[in-house]
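Me: I'm new to this one, and I'd like to know what stands behind the words people use for it. Can you walk me through it?

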Amino acid sequence: MDDNKIKELREKLAYESKHAQEALGDEILGQADAYCEGYKAFLCSVKTEREAVSFAVREAEARGFRPFDRAQPLKAGDRVYVNNRGKAIMLAVIGSRPIEDGVSIAAAHIDSPRLDLKPNPLYENKEFAYFDTHYYGGIKKYQWTARPLALHGVVVKKNGETVDVVIGEDPADPVFCVSDLLPHLASEQMVKPANKFIPGESLDLLIASRPISEGEGGDLVKLNVLNILNEKYGITEHDFLSAELEIVPAGGARDVGLDRSMIGAYGHDDRVCAYPALTAIFSLSVPAYTAITVLTDKEEIGSEGATGQKSAYLPYFISDLAAAFGKEGRHVMSRSVCLSADVNCAFDPLYPDVSEGRNCAYLNHGAVLTKYTGSGGKSGTSDASAELMATLRRLMDEAGVVWQIGELGKVDIGGGGTVAKYIANLDIDTVDLGVPVLSMHAPFEVVSKLDVYEAHKAFAALLARK
Ligand code: MN
Ligand code: MN
């Protein structure tokens with residue numbers, strides 16, 4: 001056969017994922033870059049689940065969304081949201097088809113790995129004051145030492161008053177850090193396995209070193225910290241008991257690469273899906289199927305609790321939407337489709353051995369469709385049906401989305417999970433779709449601008465399905 005015929009046959013018959021720029025042409029670059037300016041601004045101002053919900057409420061209200069009220073009737077085109085305790089949110093645009101035809105859902109999580117302050121965090125040791133921490137989610141502890149860190153969160157006083165705290169993001173702010181041992185004296189440390197050489201109890205945040213002036217007695221550096229906090233926020237040491245204070249890498253998102261093709265930032269997992277899931281629902285006017293974007297909490301520690309995806313808040317909301325039309329929630333759920341919008345591992349040429357080349361995701365090859373996650377023989381995962389995979393292939397191809405398949409690593413290497421199985425357990429057809437990430441769960445993760453834009457297009461394609 002001649003070369004042209006071979007090329008033709010290959011394109012017609014063989015699966016091959018391609019660089020999105022090759023698949024779509026150079027015109028896509030400007031669109032993706034422009035879209036990602038919005039994403040970068042979001043990354044700079046939103047680092048915690050609470051900040052993500054505040055952002056979503058503000059942007060949604062500016063676009064005509066209003067708090068969902070069970071007492072009010074609903075009609076096609078209505079835009080409503082439910083704020084779950086300030087840490088998770090569901091937004092819906094009511095569709096023109098009957099609600100019992102099912103809904104379309106894009107569900108991303110807005111918590112990221114970090115260091116949380118313990119309930120009684122403040123102590124002094126040898127004239128330094130520290131915040132004692134308990135890390136949250138899967139981290140490589142050594143990545144969190146010797147780098148600038150910021151403090152984000154809330155303190156809720158006994159009287160119910162909430163104090164918002166962000167220290168370390170404004171260039172004029174101080175930052176914090178976890179100290180590490182100098183290499184000169186680290187010979188014992190350096191031969192320990194990486195999961196041992198920074199013990200969790202040593203991930204304590206250095207916050208001060210000056211005693212309160214003209215003080216007498218012990219712990220004067222700690223007392224100075226309490227005094228500073230009391231003057232600035234009106235809080236006392238007791239108030240840490242009713243606080244959620246999170247330590248995250250300080251600083252915003254940056255373009256990565258001479259060609260500016262990538263974005264480096266803390267917490268792409270999973271804000272890189274949360275942001276497109278938001279822009280996708282904002283892009284709808286009157287969809288055929290009622291569209292829902294869920295931004296959920298606690299995915300990184302197993303989706304537990306009232307604001308995690310194991311909570312009943314999503315089925316309650318769907319039941320309430322169904323009830324507004326005199327229908328049963330479970331009848332709606334069993335005919336619904338959900339994209340569990342989460343990241344996947346991108347093939348890293350520096351660490352090729354953990355991935356299996358025909359089934360892993362590649363940076364720049366578009367949104368990644370992940371049929372199942374789990375580990376060790378598909379343990380602990382939902383597994384999307386062939387029918388659902390076919391539906392998505394069709395939806396994305398019709399919308400011109402560049403996409404690829406991806407498995408999380410080689411079979412026996414490790415694994416992971418997402419919210420997919422919790423939503424699938426509600427009798428909702430669910431599959432993972434998201435963005436490939438380099439250095440996932442590190443303080444500085446890397447994604448491709450093209451992939452972020454293709455994720456937006458993919459979520460929009462599902463939410464706007466006919
Ligand atoms: Mn994730
Ligand atoms: Mn994660």
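Here is a chat about helix packing, two domains and a pair of backbone oddities.

Reply: Before we start, keep in mind that this is a predicted model.

Me: Okay. Why are H7 and H12 called oblique to each other?

Reply: It comes down to the angle. The axes of H7, residues 268–282, and H12, residues 449–463, cross at roughly 45 degrees. Angles under 35 degrees would count as roughly parallel, and 65 to 115 as roughly perpendicular. The crossing fits neither range, so H7 and H12 are oblique. The axes come within 8 Å, and the crossing is right-handed.

Me: Which residues make that contact?

Reply: On the H7 side you'll find Val272, Cys273, Pro276, Ala277, Thr279, Ala280 and Ile281. H12 brings Val452, Ala455, His456, Phe459, Ala460 and Leu463.

Me: And what makes up that contact by class, nonpolar, polar or charged?

Reply: The split is 11 nonpolar, 2 polar and no charged residues. Thr279 and His456 belong to the contact, and both count as polar because neither Thr nor His is on the nonpolar or charged list.

Me: What about H3 and H7, why are they oblique?

Reply: Same test, other end of the scale. H3 covers residues 27–45, and its axis crosses that of H7 at roughly 125 degrees. Roughly perpendicular stops at 115 and roughly antiparallel needs over 145, so H3 and H7 end up oblique. Their axes come within 11 Å, and this crossing is right-handed.

Me: Where do H3 and H7 meet?

Reply: Tyr35, Gly38, Tyr39, Phe42 and Leu43 of H3 meet His268, Arg271, Val272, Tyr275, Pro276 and Thr279 of H7. By class that gives 7 nonpolar, 3 polar and 1 charged. Arg271 is in this contact, and it counts as charged because Arg is on the charged list.

Me: How do you know whether H4 is roughly parallel or roughly antiparallel to H7?

Reply: H4, residues 49–62, crosses H7 at roughly 15 degrees, with the axes coming within 11 Å. The cut-off for roughly parallel is under 35 degrees, so H4 is roughly parallel to H7. The crossing is right-handed. Phe55, Ala56, Glu59 and Ala60 of H4 meet Tyr275, Leu278 and Phe282 of H7. That contact holds 6 nonpolar residues, no polar ones and 1 charged.

Me: Moving out a bit, what are the domains?

Reply: The domain assignment gives domain 1 as 19–112 + 266–463 and domain 2 as 115–249. Their C-alpha centres lie 33 Å apart. The contact takes 17 residues from domain 1 and 14 from domain 2.

Me: How much area do they bury between them?

Reply: About 1,400 Å², with 52% of it on carbon and sulfur atoms. Lys47, Arg50 and Pro443 supply 37% of what domain 1 buries against domain 2, more than any other three residues.

Me: Now the oddities. What makes the bond between Asp269 and Asp270 stand out?

Reply: That bond is cis, with omega at about 15 degrees. Most peptide bonds are trans. Asp270 sits in helix H7.

Me: And what is unusual about the phi of Ser303?

Reply: Ser303 has a positive phi of about 60 degrees, though it isn't a glycine. Most residues other than glycine have a negative phi. You'll find Ser303 in the loop between strand E13, 290–296, and helix H8, 313–324.

Methods. Residues are numbered from 1 along each chain as its sequence is written. Chains are lettered from A and ligands numbered from 1 in the order in which they are written. This is a predicted model: local features need pLDDT of at least 70, side-chain atom pairs count only at pLDDT 80 or more; totals for chains, interfaces and linings use all residues. Side-chain values use heavy atoms; hydrogens and water are left out. Axes are lines fitted to C-alpha atoms, for helices over the stretch in contact, and angles run from 0 to 180 degrees between N-to-C directions. Helices (H or I, at least four residues) and strands (E, at least two) are DSSP runs, numbered from the N terminus. A crossing is left-handed if the near helix is turned anticlockwise from the far one by less than a right angle, and right-handed if clockwise. Contact means heavy atoms within 4.5 Å. Domain bounds come from an automatic or database domain assignment. Buried area is the accessible area (1.4 Å probe) that two parts lose on being put together, summed over both.
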